[in-house]
Structures are given as C-alpha cells and as structure tokens.
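Student: Hey, got a minute to walk me through a model I just opened?
Tutor: Sure, pull it up and ask away.
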Amino acid sequence: MSRLHIEAHVVDRIGWLRASILGANDGIVSTASLIAGVAAAGAAQSTILLTGVAGLVAGAMSMAAGEYVSVSSQGDAEKADIARETRELETQPEFEREELIGIYEKRGLDRDLAEKVATKLMEGNALETHLRDELGLTSEMSARPVQAAFASAASFAAGAALPLALVPVFPGSSLAWIVSGASLLFLAILGVVGAKAGGAPMGKAVARVTFWGAVAMGATAGIGALFGTTVG
C-alpha cells in the first residue's frame, strides 16, 4: 500500500524565519554592545540596566516599524503586479497565453506540449498560473507585514533580554567581558538554530553571527573605555 509523501519545504517558513532570526540577532548584538560600552565607560549598575532596557524597547519598536514598512512596500508592489496581470488577462488573453507558452518552451517543453500545458492551466486558474510562472509570486512568498513586524519585535526583545539579564547578576568591572562572552555564546546558539531551521550549513552560520557580533561589541566596548578614561 502506497503512503502519501508529504514534504516540508524551507520556503514555507522563509518569511517569519528571516524576520525572527534577524530580530534575535540584532537584539543580542545591539543590547550587548550597549551594555558593554556603557559598562566599559565605568557607569553605575543602575545606569547600565536602564540603558539596556531602553535599548530593548527602542530596538523592538524600531524593528517592528522597519519590518512593517519594508514588507508593506513589497506587498504594494505585489498588488500592483496582480492588478496589471488581471487587466492583461481580461483585455489580451491570447497574448498572455503566448507568454506562458514561451516560458514553458524556455524550460524545455516543445511547442505542442507547451501550448497544451498553457491552455490547461489557464482554464483552471489563469491569474494564479501567470503570477506563479511569469512573476514568481506564490502564497508562500507573499508579503505579510503584520506577521513580519510582530516576529521582528518579539524576537528582538527575546534576544535583547539575554544579555540584559546578566546585568543584575554580574555587577562590577568584569561585566563588559562577561556580557560580551555570554552574548557570543548566545549568538552561536542562534546560528545553530537558524541553520537547522533554514537548512543552511551550520559552521558558516555560526561563524558569521559570532564574528560580526564580536566586532560590534569590541568596537562599542573600546569606545566606552576610551570615553570613560577621557572623562575621568
């Protein structure tokens, strides 16, 4: 007895996955960098904590707003393409059919088979067929601005909370080093999770996020130490 073969494709979750990984990565890096920089400048623990909380809130709101605007712009472009294809199918259906035939011929079908496929698919759902095969628009890849905004804000806040939670636990001059080291570990774990969820090479993902995280935290800690020494 044959069994139904169901495949789980990465593309089905590409929208929220991208927003979530990006948000968590930014949350860890930006908040840890803020904490490391302010701590290296010799600020009081209460000031460091307040800075971290402000960075978490501001960052989450900024990520949500930016993601919403960006994905909404993508959605506007998709709607314009859908409207244009709808008009063209109503006013010049034969021309649109010829476009499909040409697409299928380029993919390797002979003229006769390409005509049959184009005719059959257009009889079923002409608009969906043209959006998919002519423009590459599918329901899985369609813009979802609200979903992307919430995913970005929530993931940023979750990422930012990790280095922030270390501030009350490790007061003192070593805080900058502890937060930086722990955040690199958090980034490495995030890289593993993102690689597994997205089907990407794990080593490259981990190296990428930890390298740029170290650069960001090192730069802000250095500026904070220089600023603190100068003011002192």
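Tutor: One term before we start: two residues are in contact when heavy atoms of theirs lie within 4.5 Å. Also keep in mind that this is a predicted model.
Student: Okay, using that, which residues is A153 in contact with, leaving aside its neighbours within four places in sequence?
Tutor: A60 and A64. A153 itself is in helix α5.
Student: Is A153 buried or exposed?
Tutor: Buried. Its relative accessible area is 13%, and the cut-off for buried is under 20%, so A153 makes the cut.
Student: How far is A153 from A24, C-alpha to C-alpha?
Tutor: Those C-alpha atoms are separated by 8.8 Å, with the two positions 129 residues apart along the chain.
Student: Let me zoom out. How many helices and strands does the chain have?
Tutor: Seven helices and zero strands. Going from the N terminus, the order is α-α-α-α-α-α-α.
Student: And what share of the chain is buried?
Tutor: 35% of the 232 residues. As for contacts between residues at least 6 apart in sequence, 74% of them join residues at least 24 apart.
Student: Which residues touch the most other members in the largest nonpolar core?
Tutor: I35, I48, V167, L175, V179 and L187, out of 30 residues in that core. At least two core residues come from each of α1 (14-40), α2 (45-91), α5 (145-164), α6 (175-198) and α7 (202-231).
Student: Which helix gives the largest share?
Tutor: That's α1, with eight residues.
Student: Pick one of those well-connected residues. What does V179 touch?
Tutor: Setting aside residues up to four places away in sequence, V179 touches A32, I35, P163 and L166. There's also another core lying apart from the big one, made of nine residues, among them L100, I103, Y104 and M122.
Student: While we're around A32 and P163, what about S183?
Tutor: S183 touches both of those, plus I28 and M217, again not counting residues up to four places away. S183 is found in helix α6, and it is buried, with a relative accessible area of 0%.
Student: How far is S183 from T31?
Tutor: Their C-alpha atoms are separated by 9.5 Å, and the two residues are 152 apart along the chain.
Student: Switching topic: where does UniProt place the "transmembrane region" feature?
Tutor: The UniProt entry, which is unreviewed, puts it at residues 148-169, 175-193 and 205-227.
Student: What do residues 148-169 look like in the model?
Tutor: That span is 77% helix and 0% strand, and its end C-alpha atoms lie 33 Å apart. For residues 175-193, the chain is 100% helix and 0% strand, with the end C-alpha atoms 27 Å apart.
Student: Now helix packing. At what angle do α2 and α4 pack?
Tutor: About 145°, and the axes are 9 Å apart. The α4 helix covers residues 111-133, and α2 passes α4 in a right-handed crossing.
Student: Which residues make that contact?
Tutor: On the α2 side, I82, E85, T86 and L89; on the α4 side, M122, A126, L127, H130 and L131. By class, that contact of α2 with α4 has six nonpolar, two polar and one charged residues.
Student: What about T129, buried or exposed?
Tutor: T129 counts as buried, at 3% relative accessibility. T129 is in helix α4 and touches L100, Y104, L121 and E134, leaving out residues up to four places away in sequence. L100 and Y104 are also among the members of the nine-residue core.
Student: Last one: is Y68 buried, partly exposed or exposed?
Tutor: Partly exposed, with a relative accessible area of 40%. Y68 sits in helix α2.
Student: What does Y68 touch?
Tutor: P145, V146 and A149, not counting residues up to four places away in sequence. The C-alpha atoms of Y68 and A148 are separated by 6.6 Å, although those residues are 80 apart along the chain.

Conventions. Residues are numbered from 1 along each chain as its sequence is written. This is a predicted model: local features need pLDDT of at least 70, side-chain atom pairs count only at pLDDT 80 or more; totals for chains, interfaces and linings use all residues. Side-chain values use heavy atoms; hydrogens and water are left out. A nonpolar core is a set of buried Ala, Val, Leu, Ile, Met, Phe, Trp, Tyr and Cys residues joined through side-chain atoms within 4.5 Å. Buried means under 20% relative accessible area, exposed over 50%, partly exposed in between (1.4 Å probe, protein chains only). Helices (H or I, at least four residues) and strands (E, at least two) are DSSP runs, numbered from the N terminus. UniProt positions are given in the numbering used here, feature names are shortened, and annotations may be inferred rather than shown by experiment. Axes are lines fitted to C-alpha atoms, for helices over the stretch in contact, and angles run from 0 to 180 degrees between N-to-C directions. A crossing is left-handed if the near helix is turned anticlockwise from the far one by less than a right angle, and right-handed if clockwise. Ala, Val, Leu, Ile, Met, Phe, Trp, Tyr, Cys and Pro count as nonpolar, Asp, Glu, Lys and Arg as charged, and the others, Gly among them, as polar.
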